[in-house]
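Work through these exercises with the model open beside you. Try each task before you read its solution.

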Amino acid sequence: TSLTIDKIDSSHIDASLIPWRYLKKSLTDTIKYHLAIICVADELENVFSGLFLVVFVSSLGLIALVVYHISLLPLHDTRTFTAVIELLCATVQTLLVCYWGEQVLNESKLVGDSAFGSNFFGADRRFQKALMLIICRSQSATAITAKKFTVIVSPPQDPEFTSLVGMVQESS
């Protein structure tokens, strides 16, 4: 039978027995891959951040106008159903962008956790120092923004949104 990486329990591997050349190759490949992902995220940020800001501002305006329009319509009017569908479309568009922005942020945060969770005790000192640098770099997560105005994440994850909801709940 063949042994795959998935079947290996890393807690039973003595990291001190792995030669530096193998650790260096693995680390170099991982860092190149991570840097490529950061470059893609930066390029995405440069190209689309202005568009994201326009999408959020226009969606916010559209949502406000549609909610106002719904408040003026009688409940059993057919135009109310159409306005609710418009409201859902504007909201889904915004949430879709937020979902993928949150995915980028979460994956970026997992890099440090993965490096810290690796079995590096007893490994070559150079490997340990490189992992320490990776962990330090991962403290500043890669995120997609709307023209540096705000980080694009789902509202419940946003600390500003959470504090705003808390203030509203306290006042009522």
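**Exercise 1. Find the buried residues of helix α2, then say what they pack against.**

Solution. Start with the list: Thr80, Ala83, Ala90, Thr94, Cys98, Gly101, Glu102, Leu105, Ser108, Gly112 and Ala115 are the buried residues of α2. Buried means under 20% relative accessible area, exposed means over 50%, and partly exposed lies in between (1.4 Å probe, protein chains only). Helices (H or I, at least four residues) and strands (E, at least two) are DSSP runs, numbered from the N terminus. Next, recall a rule: an α-helix has 3.6 residues a turn, so residues three or four places apart point the same way. Last, look for the partners. The buried residues of α2 pack against α1 and α3 (125–137). Contact means heavy atoms within 4.5 Å.

A note on method: this is a predicted model, where local features need pLDDT of at least 70, side-chain atom pairs count only at pLDDT 80 or more, and totals for chains, interfaces and linings use all residues. Residues are numbered from 1 along each chain as its sequence is written, and side-chain values use heavy atoms, with hydrogens and water left out.

**Exercise 2. Compare the reach of α2 with its expected span.**

Solution. Helix α2 covers residues 78–117, which is 40 residues. The expected span is 1.5 Å times one less than the number of residues. For α2 that gives 58 Å. From first C-alpha to last, α2 reaches 57 Å, close to the expected value.

**Exercise 3. Describe the whole chain.**

Solution. Count the elements: there are 4 helices and 0 strands. Along the sequence the pattern reads α-α-α-α. The chain has 172 residues, and 23% of them are buried. Now take the contacts with a separation of 6 or more: 69% of them join residues 24 or more positions apart. Finish with confidence. pLDDT is the predictor's confidence in each residue, from 0 to 100. The chain averages 76, and 79% of the residues score at least 70. Among the elements, α1 has the highest mean pLDDT (84) and α4 (residues 159–171) the lowest (56).

**Exercise 4. Is glutamate 45 buried or exposed, and what does it touch?**

Solution. Place the residue first: glutamate 45 is in helix α1 (residues 20–72). Its relative accessible area is 6%, so glutamate 45 is buried. Leave out residues up to four places away in sequence. Glutamate 45 then touches Ala143, Ile144, Thr145 and Lys148.

**Exercise 5. Contrast leucine 17 with leucine 23.**

Solution. Leucine 17 lies in the segment before α1, while leucine 23 is in α1. Leucine 17 has 67% relative accessibility, so it counts as exposed. Leucine 23 has 9%, so it counts as buried. Now check distances. The C-alpha atoms of leucine 17 and aspartate 124 are 9.0 Å apart, with their positions 107 residues apart along the chain. For leucine 23 and arginine 126, 103 residues apart along the chain, the separation is 9.3 Å. Beyond four places in sequence, leucine 23 touches Ile18, Ala123, Asp124 and Phe127.

**Exercise 6. How many aromatic pairs are there, and why is the pair of tyrosine 99 and tryptophan 100 classed as it is?**

Solution. Rings of Phe, Tyr and Trp (its six-membered ring) pair if their centres lie within 6.5 Å; planes under 30 degrees apart count as stacked, over 60 as edge-to-face and the rest as tilted. The count is 2 aromatic pairs. For tyrosine 99 and tryptophan 100, the centres are 4.9 Å apart and the planes at 80 degrees, so this pair is edge-to-face. Tyrosine 99 is partly exposed at 42%, and tryptophan 100 is exposed at 52%.
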